[in-house]
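Grab a viewer and work through a few short exercises on the model below. Each one comes with a worked solution.

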Amino acid sequence: MSRNRFLEIMRYLHCNDNQTAVPMNEEGYDPLHKVSPAIDLLNGSFSTNYNFYDKKVQDYEGQESSF
């Protein structure tokens, strides 16, 4: 993908309203404001799946090794 095409896509890809963004150099500025809702959604999904994975790893570590 060309640089210009990437920049054009990024120009229109928003998950949040720009009117609610805090300007740079002000307290509360979030550089990821445009994609924060998507990040929050993914973090919630990953944490749910990680807990399941973590439980499986703990179960496996309790088993005897055949080596």
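Here are three exercises, after a word on conventions. This is a predicted model, where local features need pLDDT of at least 70, side-chain atom pairs count only at pLDDT 80 or more, and totals for chains, interfaces and linings use all residues. Residues are numbered from 1 along each chain as its sequence is written, and side-chain values use heavy atoms, with hydrogens and water left out.

**Exercise 1.** Work out where His33 lies and which residues it touches.

*Solution.* Start with the location: His33 lies in the loop between H1 and H2. Next, its cover: His33 has a relative accessible area of 15%, so it counts as buried (under 20%; exposed is over 50%, partly exposed in between, 1.4 Å probe, protein chains only). Then list what His33 touches (heavy atoms within 4.5 Å): leaving out residues up to four places away in sequence, these are Asn16, Asp17, Thr20 and Ala21. Finally, the side chain of His33 reaches the backbone oxygen of Asp17 at 3.0 Å.

**Exercise 2.** Is Ser36 buried or exposed, and which backbone oxygen does its side chain reach?

*Solution.* Ser36 is found in helix H2, residues 36–61. Its relative accessible area is 16%, so Ser36 is buried. The side chain of Ser36 reaches the backbone oxygen of Leu32 at 2.8 Å. Not counting residues up to four places away in sequence, Ser36 touches Asn16 and Asp30.

**Exercise 3.** Place Met10 in its helix and classify its exposure.

*Solution.* Met10 is found in helix H1, residues 3–12. Its relative accessibility is 36%, so Met10 counts as partly exposed.

How values were computed:
Helices (H or I, at least four residues) and strands (E, at least two) are DSSP runs, numbered from the N terminus. A polar contact is a pair of N or O atoms within 3.5 Å; within protein, one must be able to donate a hydrogen and the other to accept it, and residues adjacent in sequence count only if both atoms are side-chain atoms.
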